[in-house]
Amino acid sequence: MWITKIAGTGSCVPEKIITNNDLSEIVDTSDEWIRSRTGIGERRITEELTTAGLAAKAAQNALLDADMKAEDLELILVATSSPEHFFPSVACEVQGMIGGKNAIAYDLSAACSGFLFALNTAYAFLKSGSYKNALVIGADVMSKMVNWKDRSTCVLFGDGAGAAVIRAEMAEDAGMPEGIRHFIMGSDGSGAGVLTCTARSNGNFLLGKESQMGYLSMNGQEVFKFAVKKVPECISQLLSEADEKKEEISYFLLHQANYRIIESVAKRLKLPLERFPMNIEHYGNTSGASIPILLDELNRSGLLSRGDKLVLSGFGAGLTWGAVLLTW
Ligand code: UT7
């Protein structure tokens, strides 16, 4: 039997650290407000590296971890909402940077749920037998999307990239039965207005409308309400459909948007918060990159053992949400 498993992980965050106190010099905010409302203490902001640059470094780290050559990749998917260009795609840039010349490459846009949507897409290709080796990346440079004069959003986000090599293997070769087991995904366009970033080329020649800079804008409370309801619902549905008990799950890796959201999800699922690893204090919300960065940190810290059951779950603009169950 063929299984689809995560064979390696990698990540890359910029070196430059911007603390809450640094931000209090730009906008009317404080370390106390940001920490108590979000759990964020600092974030990384890129100076030199582009979205593709961060993504390529995360990809190289994931390939090393998987002991795989870039030429062996058949598919490269990048989930991003902050590409440098409308075209070429970040995925094509990454393909060129890492030398993955045999892979087809394209981007996917599902905001903070993007990594899960891309993982689901790669999983479908691998499960169908189309490809055996794929690279899935979540990469975002949110620092170029936010309005640095808007304290209600600019304090929340950070830059980074995370990647996973996905491989289809015969179960006997893998020595374990399962890998990626079940997905739940959802989208609700009726909630599109609560979290948006206007495209930067929305001008119109005939109407004499100049292109303008678009910025991220968000109704924070609506997104908060959506997340604390939808994430536990979607995880419960995932586990029920897979006939798996929540108590059997070693870790729940949630999109790192707000400490209070994660705390509320743990409470609603009646599970201890220790099962919900977090790194939001150090990176803020890195959008599509947050889940794979967290996964890579767990993997590298040796916290994951073969056979551990994991749930990854994200939510974000669209509105979009999703969760995946896998055995490590
Ligand atoms: O991955 C994308 C998903 N996004 C999210 O998950 C975001 C979900 N939402 C949230 O995390 C929270 O709603 C926020 C952290 C964004 C905001 O927290 P809140 O508890 O909902 O605060 P609020 O928007 O109700 O604002 C409370 C007060 C307001 O002042 P008044 O009207 O009470 O005087 C804001 O103007 O806090 C003020 N405020 C700030 N004060 C200091 C807003 N931003 C700041 C700030 N520093 N940075």
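Analyst: Helices (DSSP runs of H or I, at least four residues) and strands (DSSP runs of E, at least two) are numbered from the N terminus. The model is predicted, and local features need pLDDT of at least 70, while side-chain atom pairs count only at pLDDT 80 or more and totals for chains, interfaces and linings use all residues. Residues are numbered from 1 along each chain as its sequence is written, and side-chain values use heavy atoms, with hydrogens and water left out.

User: In which loop does Asp 67 lie, and is Asp 67 buried or exposed?

Analyst: Asp 67 lies in the loop between α3 (51-66) and β4, and its phi is near 55 degrees, a positive value in a residue other than glycine. Buried means under 20% relative accessible area, exposed over 50%, and partly exposed in between (1.4 Å probe, protein chains only). Because its relative accessible area is 71%, Asp 67 is exposed.

User: What is the order of the strands in the open sheet of four strands?

Analyst: Two strands pair if DSSP finds at least two bridges between them, and the pairing in this sheet is mixed. The edge strands are β8 (180-187) and β11 (251-254), each of which pairs on one side only. Read across the open sheet, the order is β8-β13-β12-β11.

User: Which residue in β13 is the bridge partner of Ser 187?

Analyst: Strand β8 and strand β13 (residues 320-327) run antiparallel and are joined by seven bridges. In β13, the bridge partner of Ser 187 is Thr 320.

User: What angle does the direction of helix α5 make with that of β8?

Analyst: Contact means heavy atoms within 4.5 Å, and helix α5 (residues 114-128) packs on the sheet, touching β8, β12 (309-316) and β13. Axes are lines fitted to C-alpha atoms, for helices over the stretch in contact, and angles run from 0 to 180 degrees between N-to-C directions. For α5 and β8, the angle is about 125 degrees.

User: Is Asn 285 buried or exposed?

Analyst: Asn 285 is placed in the loop between α10 (280-283) and α11 (290-300). Its contacts, not counting residues up to four places away in sequence, include Ile 40, Cys 112, Met 142 and His 255. Since its relative accessibility is 6%, Asn 285 counts as buried.

User: How many residues apart in sequence are the parts that Arg 151 and Asp 28 tie together?

Analyst: A salt bridge is a side-chain nitrogen of Lys or Arg within 4 Å of a carboxyl oxygen of Asp or Glu, and Arg 151 forms one with Asp 28, the closest N and O atoms being 3.6 Å apart. Arg 151 lies in helix α6 (residues 151-154) and Asp 28 in the loop between α1 (20-23) and α2 (31-38), so the distance in sequence between the parts they tie together is 123 residues.

User: Which residues do salt bridges that share partners join into one network?

Analyst: One pair to consider is Arg 181 and Glu 244, whose closest N and O atoms are 2.9 Å apart in a salt bridge. Arg 181 lies in strand β8 and Glu 244 in the loop between α8 and β11, so this pair ties together parts that are 63 residues apart in sequence. Glu 244 is buried, because its relative accessible area is 13%. The network joined by salt bridges that share partners consists of Glu 178, Arg 181, Glu 244, Glu 248 and Lys 309.
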